[in-house]
Every structure is written in structure tokens, then in C-alpha cells.
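Reader: I am new to reading protein models, and I would like to understand the reasoning behind the words used for them. Could we go through this one slowly, with a reason for each term?

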Amino acid sequence: MHLIIVSGRSGSGKSTALDVLEDNGFYCIDNLPAGLLPDLSERALTESEGAQSQIALSIDARNLPSQLQRFPELLEQVRSRHIRCDVLYLDADDQTLLKRFSETRRRHPLTSEYRSLAEAIEDERQLLMPIADLADLKIDTTHLNLYQLKDMIKLRLLNAPEPGTAFLIESFGFKRGLPVDADMVFDIRFLPNPYWKAELRELSGLDQPVIEYLEEQTEVEELYQDIYNYLSKWLPNFAANNRSYVTIAIGCTGGHHRSVYIAQRLGTALKSKLKKVQIRHRDLPGQ
């Protein structure tokens, strides 16, 4: 049995996540009272009769605060029954959530005549902290549109259904913000930048002219080897520690050249050492 708990602040994409999971064979339940989690899991496990059942449910701020505080205890009860359970937590920065509510004119579940939208968004962060702290996978949807979020959920949750740690090697540009869901970040902005070569500016780190330019730079090769040696030595420890998802972010200024080259090369090389390695270029158009 595979159970996925979806949570996150309102406007972060929980409904989209449930839609994706439902389209991929999960039985989905929206707004489950948290206190029912152990009983629901036990019943589903019993009635599956050995079949591979897949259930996804959302638990969010519409729950009673007392139930949300009990989430760590409730999750432990589920996992003690040897049920495979992943906790997915979605979030976005406050300004993005404010903008999304303004555009859709939806009412935030915590707003009232005494609480503004901005206050409700901040209060929701505090209410959901017991879930966020235990999330196996966090996805920052600030810079993701609907289709990119669907692709991300498929990549991280559905692309590798077998047990084990899923490693994501992700390139990004600092000018669009640091990925909040990264477990470790490597800043490579000090490397020579192909952007300043007019003939390379419109290309990316996946294009052969950019690759050849970067391969000619001694410091690029030295840094790549240092990062590769570190990751190849220590990433297996994450897997041995029963981590479900680990994100390694490689950042340059714009996220088009240096970080793309290094992330792509690292991901390709690490696939020979680790079972589940995924590669993503956050700020590269069409990726």
C-alpha cells in the first residue's frame, strides 16, 4: 500500500497535486480530519487484501489546530503498521500567495472580519508547521505554473515508485531566488560566465559550444571534481538513513549556462552510483 499525504498553505497547489495523483491511479480524499488518519490507513490496509492500493489525501489548515498539533503522533501510528507513507508539502512565498488569492478572488479559509489575508497566510504557516517539519518532499511553487507543477509532481513522486531515496540534481539562477526545497546548495557564480561571450549568450549549458567553452576552463573542471567527489561519497548516507527525497541545487546567476552544465554532468555521472537520480533545470525554458 502506498499512502501520500498532501499538505501546504492555501494557494500553493494542493488541488493540482491531488488531481495529478488521481489521474495516475490514486484514490484521493480532500480535507481529511487528521484524527482519522490512523483508522483510514488501517481500514485501507485490511481491505486491500494484499493488492497494491494507492491512496492520496490532503490535510491542511481547515483541520482543528489541536488535530494538526497531533500530526507527528498520528503519522507515527501509520508508519508503525509498515505502510509506505510519503508526506508532500507545497508552499510559495507570501507575496505569491497574496497575488494568487487576489487574482482568483477566492476566500482564504482563515480570513475573517478580524484577520486580514496577509495575517491569515502567516497564521497558516504556523498552524501547518508540525506537518512541514516532517515532510519527506517539499516543493516550492513560487515560480511554477500549473503545468510545471504537474510535471514536478510526476517527476518526484511518480517517476520512481520503487522504495529508496530519489535524488534530484537541480540547476537554478540566483536572480530568481534560492530553491527553498533544496537540501544542499552549491554556489558556482565565481566560475567564468559564457553569458559574456556574445556567440554563447543565447545558448544553454546543454549546447555543445557552451560545453566546450566550460570544459576549457581549469577551475570549472576542478570544482566539478570536488563537488562530484563530495556527493558520490556522502549521498549514499542519505539513502542509508531512509530519506525518501534529497534535492541538490547548483546555482549560477541566471540558471542558463554554468549551473545547467554542472548539474547535467553531475546527474549523469551519479546515475552509475545511485539507483534513482533525476535532473531538472529550474530556470531553463522548456525544462
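**The pocket and its lining**

Author: Let us start with the chemistry of the largest pocket, in a model that is predicted: by class, its lining has 7 nonpolar, 13 polar and 9 charged residues.

Reader: What makes a residue such as Gly count as polar in that division?

Author: The polar class takes in the residues that are on neither the nonpolar nor the charged list, and Gly is among them, so Gly counts as polar. Of the 29 residues that line this pocket, the closest to its centre include Gly11, Ser12 and Gly13, together with Arg100 and Arg106. The largest pocket has a volume of about 610 Å³, and H5 gives the most to its lining, with 7 residues.

Reader: Which residues does UniProt list for "binding site", and which of this set does the lining of the largest pocket take in?

Author: The unreviewed UniProt entry lists Gly8, Arg9, Ser10, Gly11, Ser12, Gly13, Lys14 and Ser15. From this set, the pocket lining takes in Ser10, Gly11, Ser12, Gly13, Lys14 and Ser15.

Reader: Why is Ser10 called buried?

Author: The relative accessible area of Ser10 is 8%, and buried means under 20%, so Ser10 is called buried. Ser10 sits in the loop between strand S1 (2-8) and H1, and, leaving aside its neighbours within four places in sequence, it is in contact with Leu97, Phe101, His108, Pro109 and Glu124.

Reader: What makes the pairing of Ser10 and Glu124 a polar contact?

Author: Their side chains are joined at 2.8 Å, and a polar contact requires a pair of N or O atoms within 3.5 Å, one able to donate a hydrogen and the other to accept it; the value lies within that limit, and the pair is therefore a polar contact.

Reader: Why is Gly11 called partly exposed?

Author: Gly11 has a relative accessible area of 22%, and partly exposed covers what is between buried, under 20%, and exposed, over 50%, so Gly11 is called partly exposed. Gly11 also lies in the loop between S1 and H1, and touches Leu97, Arg100 and Phe101, not counting residues up to four places away in sequence.

Reader: How many cavities of 30 Å³ or more are there, and what lines the largest cavity?

Author: The count comes to 1 cavity of 30 Å³ or more, and the largest cavity has a volume of about 90 Å³. Among the residues that line it are Asp140, His143, Glu170 and Arg280, and the lining divides into 4 nonpolar, 2 polar and 5 charged residues.

Conventions: Residues are numbered from 1 along each chain as its sequence is written. This is a predicted model: local features need pLDDT of at least 70, side-chain atom pairs count only at pLDDT 80 or more; totals for chains, interfaces and linings use all residues. Side-chain values use heavy atoms; hydrogens and water are left out. On a 1 Å grid over the protein atoms alone, a cavity is a set of points where a 1.4 Å probe fits but cannot get out, and a pocket is an open set with protein on both sides within 12 Å along at least five of seven lines; lining residues have an atom within 4 Å of a point. Grid points are joined across faces, edges and corners, and a volume is the space filled by probe spheres set on the points. Helices (H or I, at least four residues) and strands (E, at least two) are DSSP runs, numbered from the N terminus. UniProt positions are given in the numbering used here, feature names are shortened, and annotations may be inferred rather than shown by experiment. Buried means under 20% relative accessible area, exposed over 50%, partly exposed in between (1.4 Å probe, protein chains only). Contact means heavy atoms within 4.5 Å.
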